[in-house]
Amino acid sequence: MTTHPTLSEIDRYAAGEPGLDEATVWSIEVHLESCADCRARLAGSTTAASRALIAEVAAAVDREIAAGPKPRSKALFRTPLRQRWFVAALLPWVAMTAAVLGTAALLTHLVPELPSIVLLLAPLAPLPGVAVAWSRHADPAWELIAGTPSAGLTMLLRRTAVVLVLVIPVLAVFAASGASRANPALMLLPCLAFTAATLLLGSLVGVRRAAIGLMAAWAAVVVAPSLATAELPVLLEPAAAGAWAILTAVLAALTLLRAGSFRRLTSF
Amino acid sequence: MRAVSTAETATTTHPWAIHAEALKVRAGRHLAVDGLDLSLTTGVHGLLGPNGAGKTTLMRALATVVKPSGGRLTLLGRPVDGRADLRPARRALGYLPQHFGYYPRFTVREFVAYMAWLKEMPKADIPAATQRAIDRVGLAAKADARLRTLSGGMLRRAGVAQAIVNDPQVLLMDEPTVGLDPEQRLDLRELLRDLGTDACVLVSTHLVEDVVAACTEVVLLNEGRLVWQGTPDSLAAHGDDGHAGDSPAERGYSALLRRHRAEAAR
C-alpha cells in the first residue's frame with residue numbers, strides 16, 4: 001500500500017482544488033483503492049456540492065437501470081463447458097484414432113491388393129473414447145459424480161455423444177478421401193452398432209472391459225482373416241448396410257431397457 | 001436433464017436419516033465394514049476410528065458410490081442397497097470424499113454450479129445456491145479463481161461448498177479439516193454445527209478435538225464394527241489416567257479402543 005495522504009491533501013482532493021498536481025491526485029487515488037480508512041476520511045471531507053452530485057448520479061443510474069432492458073444473465077456454464085474437461089481428456093484418443101486410420105489409409109494405398117484397412121478398423125474408432133467416458137482414471141471428480149443423481153445411463157449417453165461428435169468427422173474425412181473404398185454409410189453404421197454394443201455389454205461387465213473385448217473380438221474374427229485372405233468380409237459388403245442399421249437400433253433399444261444397471265458407476 | 005421441482009427436494013421427516021442393519025461393505029477383496037448396525041438422525045456425528053477401521057468405506061457406501069455386499073441400508077427412509085432407485089436419495093445427499101478430485105481449469109463457481117447441476121437442482125436456483133455455498137465456506141473472494149490456482153485449504157473449502165450446495169439432508173464429509181489452517185478449522189466447525197441443526201451430518205476424522213468441538217454425537221468404529229456411540233462428554237468420561245497430555249476425550253477414545261481390542265482377543 002502507498003503512504004497515507006495527509007488530511008489536508010484529502011480535503012484538497014475532495015474539494016477538487018486545482019492546485020493539486022496530477023501526480024499527487026494519481027497517488028491519492030491509487031491509495032484510496034486499497035485503504036478503507038482514507039476512503040472514510042475522504043467521505044468526511046466531501047463537500048455538500050459533491051455529495052449532492054453523487055446522489056444525483058446514483059439516482060440517474062438507478063433510473064436508467066430500471067428503465068433499460070433486463071441485463072442478460074450470464075450463463076454459469078454452457079453445455080460445451082460442462083463437458084470441456086472430457087473433450088480435453090478425449091483429444092489424445094481422437095488423435096491416436098486419426099493416426100491409426102491414417103496409417104491404415106497409407107497401407108491401403110501402398111498395398112492395393114489388400115482390402116481397405118480403414119473400412120475394417122472404422123467400427124472400432126469410437127470404442128477407446130467410450131471406454132474413457134466412464135473411466136474413474138480419466139475423470140478426476142469420479143467419486144464426487146458417482147454419488148449424484150445424474151450418474152447413470154443419461155450421463156454415459158451424453159459422454160458417448162461427445163465421443164461420436166469428435167470421432168465421426170474424422171471418419172467422414174477418411175470416407176470423403178476415398179481411403180475406405182466404400183460407401184460412407186458402411187463406415188458409420190458399423191461404428192454406431194459397435195458403440196451401442198459396447199454400452200449394452202458394458203451394463204453387464206463394465207464399459208471399459210466391453211470396449212476392449214469387442215475390439216479384440218473384431219480384430220480376431222474379422223480383421224485378421226480379411227487381411228490373411230485379402231478379401232473384405234460379407235459384413236462389410238454394401239448389401240450389409242441395412243443389417244447394420246437394424247442391429248444398431250436393436251442394440252440401442254436393449255441398452256435403454258437395461259438403464260437400471262447403470263445406476264452405480266462401480267458396476268462398470 | 002430433468003429439472004427437479006422444489007417440492008420434490010423439500011425436507012421430509014424420517015425416523016432415521018441413516019439406518020444400517022448388519023451392513024457389510026467390501027473394499028476390494030477385504031470386508032471393510034462387517035455387520036455394522038447404525039442409526040443416525042439430525043445432528044453432527046463424528047466418525048472416529050483408527051486407520052483401517054472402515055470409516056472411508058462406510059462413507060462411500062453411505063454416499064451410494066459403493067454397493068453394500070450385505071445387510072440393509074436406508075437413507076432418509078429409502079433403501080439404497082440392492083437394485084433400488086438411488087436418485088431420490090442422491091438428490092438429498094452431500095458428499096466430500098477423502099481424496100477430492102476436481103477439474104483444474106474450472107473456477108470455484110463453475111465447479112460448484114456443475115455439481116449443483118449434477119445434483120439435479122432446479123436450473124433457476126443454481127446461481128443463487130452456488131453463491132450461497134461459496135459464501136458459507138468463505139471463498140467469495142476466490143469464486144472466479146481457477147481451482148488449479150488455489151491452496152490445499154481453499155480447495156478443501158471448494159469441496160465443502162459443492163457438498164452443501166443442494167442443502168443436503170444427509171451430509172457426508174470424509175476428513176474435511178485436512179489442509180485447513182487453525183482459523184479455517186474453527187470456521188468449519190461453526191459451519192458444521194450450523195448445518196447439523198436441520199441435517200444429518202456425518203464427519204469422518206482422526207482429530208478427536210474436532211469431534212468434541214463440533215459434534216453432538218460420536219460414532220466409534222473399529223475393524224468395520226460399531227464399538228461405541230454416545231455424546232462427546234460421555235466419551236471423555238471413559239478416559240483413564242494414561243497418556244498424560246492427551247485431552248479427556250482422547251483418553252476416552254483410546255480406552256474404548258483398548259477395551260474393544262481386549263474383548264475381541266478373548
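How many helices and strands does chain A have?

**View 1. Chain A of this predicted model is built from helices.** Chain A has 13 helices and zero strands, so if you walk along it from the N terminus you meet α-α-α-α-α-α-α-α-α-α-α-α-α. Its radius of gyration comes out at 32 Å, well over the 18 Å that the globule rule gives for 268 residues, so chain A is more spread out than a compact globule. Put a box around its C-alpha atoms along the principal axes and you get roughly 95 × 45 × 40 Å. Of the 268 residues in chain A, 33% count as buried. Take the contacts in chain A between residues at least 6 apart in sequence: 75% of them join residues at least 24 apart.

**View 2. Here chain A meets chain B.** On one side of the interface are 21 residues of chain A, and they are in contact with 30 residues of chain B. Two elements of chain A, α5 (79-82) and α9 (142-146), each give two or more residues to the side that touches chain B. The largest share of that side is from α9(A), with five residues. Sorted by class, the chain A side has eleven nonpolar, six polar and four charged residues.

**View 3. Helix α4 of chain B sits inside the structure.** All the residues of this helix (residues 108-118), eleven of eleven, are buried, so α4(B) is largely enclosed by the rest of the structure. The buried set includes the charged pair B:Arg109 and B:Glu110, along with B:Phe111, B:Tyr114 and B:Trp117. Just past the end of α4(B), B:Glu120 takes a positive phi of about 60°.

**View 4. Two separate nonpolar cores turn up in the model.** The largest nonpolar core has 90 residues, and α4(B) gives the largest share of it, nine residues. Which residues have the most contacts inside this core? They are B:Ile18, B:Phe111, B:Val112, B:Ala161 and B:Val170. Zoom in on B:Val112: leaving aside residues up to four places away in sequence, B:Val112 touches B:Thr130, B:Ala133, B:Ile134, B:Ala161, B:Gln162 and B:Val165. The second core has 50 residues, among them A:Trp93, A:Leu124, A:Leu236 and A:Trp244.

**View 5. A six-stranded open sheet runs through chain B.** The strand order is β6-β7-β8-β3-β9-β10, and the pairing is mixed. At the edges are β6 (93-96) and β10 (225-230), each of which pairs on one side only. Ignoring direction, neighbouring strands are turned by 15° against each other on average. At the β6 edge, four bridges join β6(B) to β7 (residues 170-174), and these two strands run parallel. One pair to look for is B:Leu96, which stands opposite B:Met173 in β7(B).

**View 6. Strands β1, β4 and β5 of chain B pair up antiparallel.** Strand β1 (residues 18-27) is joined to β4 (residues 70-75) by five bridges, and B:Glu21 stands opposite B:Arg72 in β4(B). On to β5 (residues 78-79), which two bridges join to β4(B); here B:Thr74 has B:Pro79 as its bridge partner. The hairpin of β4(B) and β5(B) has two residues between the strands, and B:Leu76 in that hairpin takes a positive phi near 55°.

Note on methods
Residues are numbered from 1 along each chain as its sequence is written. Chains are lettered from A and ligands numbered from 1 in the order in which they are written. This is a predicted model: local features need pLDDT of at least 70, side-chain atom pairs count only at pLDDT 80 or more; totals for chains, interfaces and linings use all residues. A residue is buried if 20 or more other C-beta atoms lie within 10 Å of its own, exposed if 12 or fewer, and partly exposed in between; C-beta atoms are placed from the backbone. Two strands pair if DSSP finds at least two bridges between them. Axes are lines fitted to C-alpha atoms, for helices over the stretch in contact, and angles run from 0 to 180 degrees between N-to-C directions. Two residues are in contact if their C-beta atoms, placed from the backbone, lie within 7 Å. The radius of gyration is taken over C-alpha atoms; the globule rule is 2.2 Å times the number of residues to the power 0.38. A nonpolar core is a set of buried Ala, Val, Leu, Ile, Met, Phe, Trp, Tyr and Cys residues joined through C-beta atoms within 7 Å.
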